[in-house]
Structures are given as C-alpha cells and as structure tokens.
Amino acid sequence: MSKTPVAIIDRELNNIDKVSYLLEKFSDVDVIRTSTSLSDLEVLLEKRIPCLVWIGPEYKLEDIEQILKSHYKSLVTTKIILLVRELSSDLLKKAIQLDVCDVIQIPFSYNDIKETMKRSEDSIEAGVDGKKAPSKRITIFGTKGGVGKSFLSVNLAVGLMEVSQ
C-alpha cells in the first residue's frame, strides 16, 4: 500500500480536526473519511474497506461494542484505534476481546501515533493479502479456576504497556 487510508469518527468535530491534523503530518496517510456518526463505522466494516478507523474520545468502547461484535470478520482488514481519556485494566481487557488494534490515551505524543501507525499498517497489509497479521501473544494457561489467570493477564498487559512507553 502506498498510502494508508484512515477514517476518523468522533461526536466532536474539534476532536476530528485535531486528529486529522496530526495524521496528515504523515506523508503515507490518506484521510478518506471523517464523521460524527457511528453509522459510518458500520459502512466501513460492512464493505470491508481496508483502513484504520480512529474512534475519538467522545465515543466509549461500549458505544461501538455491538458494532464490532456484529462485524467481527471485517476486523481483519479494517482496524480500530480507540482514543481514550482514561485507561483502565477493564477497558484494555474489553478492547482485547473486541479485537481493537490499539488503545491510545490522550494526551499522546507524536511517537505514540508513529508506533500505532506502523503496527496498524502491517496489520492491514497482512489482512488484505490474506496473511496472518503479525502479532505478539502471550498465553496464560491454568487448568483450575480461580487461580488468577484474568488478574495476571490484565496486569501483565498494563505492565507491558507501561514498559513500552
């Protein structure tokens, strides 16, 4: 892909303008759509348009949860990046379950965007080519219930995220 297609969706036009301005600093980004409505997210997923969809902070994960669940197979080529004001282990856990590509806390740096764009572009290209997206996964396994697998998984994810920043 020469340019990565990007859509930006948020309830606030001001947020859309700010994200659009930051993304346009990248020469390999093409902002193909901006919207204040989640119906545009559904259209992108239904048509399986290969792009990055940045969901602004005025939409919560709960707002898009049902859309992502109903279009789960489309997330191979359409990648979701969620912008949030506050990170929590519950939010990260739910984002992982819904196959959200990345979660970025506001305020964020230029390097945060750069790293997210690189990971996401690789993931989109792999999905379009029908290849498995490059990923790093850690499996937490235990045969017995109540031993803290979920607790460990979420805290490990948060810890790794903090170390990478």
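Let's start with L152, which sits in helix α6, the stretch from residue 149 to 164. Keep in mind as we go that this is a predicted model. So is L152 buried, exposed or partly exposed? Its relative accessibility is 44%, and because the partly exposed class runs between the 20% and 50% cut-offs, L152 counts as partly exposed. L152 also has company: together with I138, L156 and L160, it forms a nonpolar patch on the surface. The accessible area of those four residues together is about 350 Å².

Now let me step back to the whole chain. There are 165 residues in the protein chain, and buried ones make up 38% of them. The secondary structure comes to 6 helices and 5 strands. If you walk along the sequence, the pattern reads β-α-β-α-β-α-β-α-β-α-α. The chain exposes about 9800 Å², with carbon and sulfur atoms supplying 50% of that area. And what about contacts across the sequence? Taking contacts between residues at least 6 apart in sequence, 66% of them join residues at least 24 apart.

Next, two helices that I'd like you to find on the screen. Helix α2 covers residues 39–46, and its buried residues are L41, L44 and L45. Looking down the axis of α2, these buried residues fall within an arc of 95 degrees, so they line one face of the helix. Which elements cover them? The cover includes three strands from earlier and later in the numbering, β1 (4–9), β2 (29–35) and β3 (51–55), along with helix α3 (61–70) and strand β4 (78–84). After α2 comes R48, and its phi is positive, near 50 degrees.

The other one is helix α4, residues 89–97, where L91, L92 and A95 are buried. These three cover an arc of only 95 degrees around the axis, which puts them on the same side of α4. Which residues are exposed on the other side of α4? Those are D90, I96 and Q97. If you like to colour by residue, try showing the buried set, L91, L92 and A95, in one colour and the exposed set, D90, I96 and Q97, in another. Following α4 you'll come to D99, which has a positive phi, near 65 degrees.

So, to recap what to look for: the surface patch of I138, L152, L156 and L160, the buried leucines L41, L44 and L45 of α2, and the buried side of α4 with L91, L92 and A95. Thanks, everyone, and I'm happy to take questions!

Technical notes. Residues are numbered from 1 along each chain as its sequence is written. This is a predicted model: local features need pLDDT of at least 70, side-chain atom pairs count only at pLDDT 80 or more; totals for chains, interfaces and linings use all residues. Side-chain values use heavy atoms; hydrogens and water are left out. Buried means under 20% relative accessible area, exposed over 50%, partly exposed in between (1.4 Å probe, protein chains only). Helices (H or I, at least four residues) and strands (E, at least two) are DSSP runs, numbered from the N terminus. The arc is that of the directions from the helix axis to the C-beta atoms. Patches are made of residues with over 30% relative accessible area and no salt bridge: like charges are joined within 9 Å, nonpolar side chains (Val, Leu, Ile, Met, Phe, Trp, Tyr) within 5 Å. Accessible areas come from the Shrake-Rupley method with a 1.4 Å probe; for residues, only the protein chains shown count as cover. A salt bridge is a side-chain nitrogen of Lys or Arg within 4 Å of a carboxyl oxygen of Asp or Glu. Contact means heavy atoms within 4.5 Å.
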